[in-house]
There are 2 protein chains.
Amino acid sequence: MQPDAAQRPTLADVAARAGVSQSTASLAFSGSGPVSAATKERVLAAASDLGYAGPDPRARSLRRGRSGIVGVVLEERVRAAFLDPVKIQMLDGISEGIAPLGAGLLLLTDTGEAGENAVSIESAPVDAVVLVGCSPRLGVTIEALRRRGIPAVAIEGDTGEDIPEISIDNLQATRRGAEYLRQLGHTDVAIVTLPFDAARTRGPLTRELLESSTAATASQRLAGAREIFPEATGRAAGASSIEEGLEAARALLADPENRPTAIIAQSDLLAAGVIQAAEELGMQVPADLSVLGFDGIRVDGLQHDLTTLAQPSVAKGRAAGEAVVQMLSGEPPASRCFTSTLHVGDTTAVPRTAG
Amino acid sequence: MQPDAAQRPTLADVAARAGVSQSTASLAFSGSGPVSAATKERVLAAASDLGYAGPDPRARSLRRGRSGIVGVVLEERVRAAFLDPVKIQMLDGISEGIAPLGAGLLLLTDTGEAGENAVSIESAPVDAVVLVGCSPRLGVTIEALRRRGIPAVAIEGDTGEDIPEISIDNLQATRRGAEYLRQLGHTDVAIVTLPFDAARTRGPLTRELLESSTAATASQRLAGAREIFPEATGRAAGASSIEEGLEAARALLADPENRPTAIIAQSDLLAAGVIQAAEELGMQVPADLSVLGFDGIRVDGLQHDLTTLAQPSVAKGRAAGEAVVQMLSGEPPASRCFTSTLHVGDTTAVPRTAG
DNA sequence: AGTCTAGGCCGAATCGATTCGATCGGCGAT
DNA sequence: ATCGCCGATCGAATCGATTCGGCCTAGACT
């Protein structure tokens with residue numbers, strides 16, 4: 001084993017030294033039971049002598065059946081989530097929402113890869129989890145949680161199950177944004193979407209791709225756009241990032257003869273990439289190309305005030321955290337749907353009349 | 001208990017149904033032992049029938065002595081850490097560094113408040129922890145970890161113990177920045193520091209405050225500045241935030257007759273606050289006041305290109321994660337010290353010659 | 001053909017604490 | 001004075017899995 005095989009003292013050792021039974025010693029620590037002040041002090045003194053650091057959380061949680069940990073399932077590498085301001089805001093909100101529990105936040109990813117020693121969703125000592133983001137693997141994850149009997153709440157995920165969902169008006173919001181573009185006079189609009197499937201397939205919006213979609217957010221936002229522009233096509237990005245937006249937009253704008261006058265991006269980061277691509281090609285935003293984002297974050301380094309659909313990310317996280325608290329206290333949790341607002345910045349304008 | 005008292009199946013149930021012993025069933029799951037393919041399949045089938053979701057992580061970690069979780073101790077509320085870009089970058093690096101473990105990342109705070117059910121540093125099922133940031137409570141925390149026998153690595157914390165430390169050249173870097181200010185011609189320089197003590201005392205840099213300092217980072221950076229400007233004084237902020245920088249700078253610039261020509265802020269966020277305060281007072285940066293930051297992050301909304309000491313935050317986190325991996329595999333971990341570089345932006349200039 | 005070997009499986013101890021039910025004085029009430 | 005009750009404490013079962021040592025049997029080697 002470990003080189004420092006010097007056995008750490010256990011509650012039994014402490015009890016023995018204090019001359020009380022193990023059960024009494026336990027009571028002295030947890031405080032959940034009648035113990036005389038004198039005895040308690042004696043136990044604490046013995047613990048101090050022995051360098052006992054308090055009950056082992058592993059044993060405690062085995063016995064109690066609760067670990068005091070809430071899992072947060074991110075759909076991607078932790079690193080990627082940290083780079084996404086929306087995720088950070090949600091995490092922030094979640095941490096605020098579960099504060100009354102005093103529980104820790106365990107970051108997990110939904111990649112499906114489970115190493116030998118790895119802590120995955122299938123095997124993490126959590127009392128509840130919050131599913132963050134529209135992960136394509138949602139179904140599998142939920143099934144695993146159900147089997148383990150772990151309560152869950154989803155943020156932006158069409159679970160189709162009995163787990164509460166915290167969402168926003170993806171379809172209506174996008175429709176509102178699209179409508180704004182139409183009012184400005186746009187008719188030729190392209191879309192850069194979030195990933196649709198588990199493989200995060202990048203490329204044109206083929207019918208197969210859409211039909212195989214497991215990502216509700218991307219589908220809903222697309223549907224909202226198509227209620228206004230039924231013919232609109234575009235490309236799916238491999239993630240919500242500036243880089244992916246750049247790549248998708250390069251493809252959409254490749255042919256100078258045949259460019260849309262506006263691009264609807266399903267996230268602000270994608271929108272930032274789109275703008276970058278347009279400027280690379282010598283186009284001006286919004287004169288030559290209007291760009292609509294989604295999220296309402298500030299994109300670092302972006303010189304524009306993005307026209308976008310601002311969603312209350314922190315509030316979503318907080319609501320999810322509160323739902324967790326409710327579930328753990330036995331109350332039936334409620335789903336909630338928040339509303340996004342259209343922020344008009346300087347990346348949208350009347351289209352330049354085509355020649 | 002829980003309303004869903006329908007007992008979840010245990011390994012024993014699975015074993016019984018498969019007609020094998022519990023030990024064999026365990027082997028079938030963990031794969032660490034000789035089990036015939038047929039038996040293994042039978043066990044797995046039984047598990048599937050019963051809806052068994054795999055070994056309970058709580059029991060497993062009690063027996064194995066490892067939880068597969070690495071704790072990250074933040075010196076403040078999780079929320080605050082999420083708002084600090086430096087922290088996020090470090091988290092990012094840590095997650096990258098511990099990737100080979102496949103371990104989860106548990107976010108913990110070092111506030112010392114331990115509620116009834118709360119998971120604190122004293123009682124979290126972690127295999128190791130990374131102490132992030134220069135928490136004034138470091139000593140107490142480390143003592144608790146030592147008693148529990150949990151290996152730790154500190155980022156920016158003078159532990160004075162045998163735990164490895166990942167740091168940067170705080171003193172030398174600040175001296176370099178201060179030297180640059182002196183070369184520009186500044187002689188009257190004030191300093192806005194990070195908190196020195198557990199109470200995060202805000203206010204003038206009194207001798208008592210400095211002597212009671214438990215925060216190495218603040219002390220080192222101050223020492224570096226004073227090697228160039230021995231007489232420099234200033235104020236301690238209550239945290240690394242724009243708000244705190246604003247408040248400290250308001251005090252330092254309160255008297256129009258007696259203003260420094262430059263302010264050294266111990267973080268970029270503080271520097272942003274300083275700039276804001278100066279502009280509030282009608283001063284121009286850098287014409288009326290030079291401002292030097294520390295960190296090298298991009299501060300959202302800041303219109304300046306801050307002159308600052310850029311530190312490799314991600315690399316620090318990654319190094320810490322790697323050190324954790326080493327410690328858990330028994331190797332003696334090594335401390336590392338990274339180097340910061342002076343980035344000259346547009347917030348520093350030759351001082352306006354005093355009347 | 002006899003013995004040795006090793007794979008495959010089982011029993012039981014163990015990890016460290018929590019908690020239910022029982023025991024035992026001592027004290028207030030009748 | 002006695003009954004009953006309550007607070008303090010103890011014993012022992014329990015949480016759910018891992019793992020060490022031992023046993024059995026079939027195949028291999030001489």
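Among the residues described here, Ala, Val, Leu, Ile, Met, Phe, Trp, Tyr, Cys and Pro count as nonpolar, Asp, Glu, Lys and Arg as charged, and the others, Gly among them, as polar. By that scheme, the surface near DNA strand C divides into 10 nonpolar, 11 polar and 5 charged residues. This is a predicted model, in which local features need pLDDT of at least 70, side-chain atom pairs count only at pLDDT 80 or more, and totals for chains, interfaces and linings use all residues. Residues are numbered from 1 along each chain as its sequence is written, chains are lettered from A and ligands numbered from 1 in the order in which they are written, and side-chain values use heavy atoms, with hydrogens and water left out.

DNA strand C is surrounded by 26 residues, the closest being Leu11(A), Tyr52(A), Arg63(A), Thr24(B) and Thr39(B), where a residue is near a strand if one of its heavy atoms lies within 4 Å of it. Of the strand's atoms within 4 Å of the protein, 60% belong to sugar or phosphate, and the rest belong to bases.

Individual polar contacts (pairs of N or O atoms within 3.5 Å) come from both chains. In chain A, a polar backbone atom of Asp56(A) is 3.3 Å from a phosphate oxygen of DNA strand C. In chain B, a polar backbone atom of Ser36(B) is 2.9 Å from a phosphate oxygen of the strand, while a polar side-chain atom of Ser23(B) lies 3.2 Å from a base oxygen.

Terms used. A polar contact is a pair of N or O atoms within 3.5 Å; within protein, one must be able to donate a hydrogen and the other to accept it, and residues adjacent in sequence count only if both atoms are side-chain atoms.
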